[in-house]
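Biologist: I'm new to reading protein models. Could you walk me through this one, one question at a time?

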Amino acid sequence: MEIDWRIERLDEGEMQDPRDEGCLLRIVGKVKEEGVAAGQLEAYYILDVDLASSRAFFELWDMDGETCAIYEELMAPSQEDFREPLPRLLETRPGLLVIDYIALFPDFRGRELGREVMRQLVRCCADGNIGAVLLDASPLQHRDGAYDFFDHEVRALPWNGDEQDTEKLRGYLRGWGMHQMAKTRYMVAPPGSLSDTHTAKWPPVPILCFWNTCAYCRRWIDTDGDDWENGPEGPIHLGCR
Ligand SMILES: [Zn+2]
């Protein structure tokens, strides 16, 4: 099994290595099994010294409608910190990996591939800054627009009541070592309990973002160097003009 990554930066930081400061990254992974498309995942990598602070809200979470909704859901009713157990998990490693979904095509289900995808996602994308991994544990077939967004992925999934399918999926994810976060759609685990190793090589692919990715070749631009200029669609290498 292998995953082709695409990582895009959504916040407005300018450091080449986003681990030097806070960042909001959108991760898409195309899952392949022996070269054949087997599924897809989407996740966010969110890092700040204090992710629950209002400053982090304005600089990171509020950059994207979806992450803004995640923030609101994770906040405790007191509005001062995240719901348990996040404050404890983020104490020494302040970053979150929030997985929107891991979807496998019908032919690839029932052989523990989902667990292997989770292991690889954590290994490749949860660097030493990530203290908690969250997974949206609402069944794909019951999400809004399931057949518009996940037509192929939701085919042949069980179609019982929402509650019954949710309970079944959560029972399955508990077997991965994940725990339900009360009053949210998320299950949570520290990265170390989902994957025994994490990568020294992070990110697994160059991070794309408008202000340091060439509008033509999509490769990284070193904005401290002088072989680039601002083109009509954003920065470009001089040689790509
Ligand atoms: Zn270029």
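**A strand residue and its surroundings**

Modeller: Happy to, and please keep in mind that this is a predicted model. Let's begin with A37: leaving aside its neighbours within four places in sequence, A37 is in contact with K30 and K32. A37 is found in strand β3.

Biologist: Is A37 buried, partly exposed or exposed?

Modeller: We can count C-beta neighbours inside 10 Å, and A37 has 13. A residue is buried at 20 or more and exposed at 12 or fewer. With its 13 neighbours, A37 therefore counts as partly exposed.

Biologist: How far apart in space are A37 and I3?

Modeller: In sequence, A37 and I3 are 34 residues apart. Going from C-alpha to C-alpha, the distance in space is 9.6 Å.

Biologist: In what order do the strands of the open sheet lie?

Modeller: The sheet has seven strands, with mixed pairing. The edge strands, each pairing on one side only, are β1 and β6. Reading across the sheet, the order is β1-β2-β3-β4-β5-β7-β6.

Biologist: In which sense do β4 and β5 pair, parallel or antiparallel?

Modeller: Strands of a sheet pair through backbone hydrogen bonds, in either sense. On its β3 side, β4 pairs in the antiparallel sense over eight bridges, with β3, and Y45 stands opposite L97 in β4. With β5 there are five bridges, and I99 stands opposite L135 in β5. The sense of the β4 and β5 pairing is parallel.

Biologist: Is β4 largely enclosed or open to the outside?

Modeller: Look at how many of its 10 residues are buried: eight. The strand β4 is therefore, with respect to the rest of the structure, largely enclosed.

Biologist: Which helix joins β4 and β5 in a β-α-β unit, and what is the hand of that unit?

Modeller: The helix is α4, residues 113-125. Its buried residues, including V117 and L121, pack against β1, β2, β3, β4 and β5. Together, β4, α4 and β5 make a unit that is right-handed.

Biologist: What span should α4 have, and what is the distance between its end C-alpha atoms?

Modeller: The helix α4 has 13 residues, and at 1.5 Å a residue it should span 18 Å. This agrees with the distance between its end C-alpha atoms, which is 18 Å.

Biologist: Which residues have the most contacts inside the largest nonpolar core?

Modeller: In soluble globular proteins, nonpolar side chains tend to be buried together. Here the largest nonpolar core has 55 residues. L97 touches, among others, A43, C125 and V133. The residues with the most contacts inside the core are A43, L97 and V133.

Conventions:
Residues numbered from 1 in each chain as written. Predicted model: local features only at pLDDT ≥ 70, side-chain atom pairs only at ≥ 80, totals over all residues. Pairing = 2+ DSSP bridges. Helix = DSSP H or I, 4+ residues; strand = E, 2+ residues; numbered from the N terminus. Expected span 1.5 Å × (residues − 1). Contact = placed C-beta atoms within 7 Å. Core = buried A, V, L, I, M, F, W, Y, C linked by C-beta atoms within 7 Å. Right-handed = clockwise from strand over helix to strand, strands pointing away.
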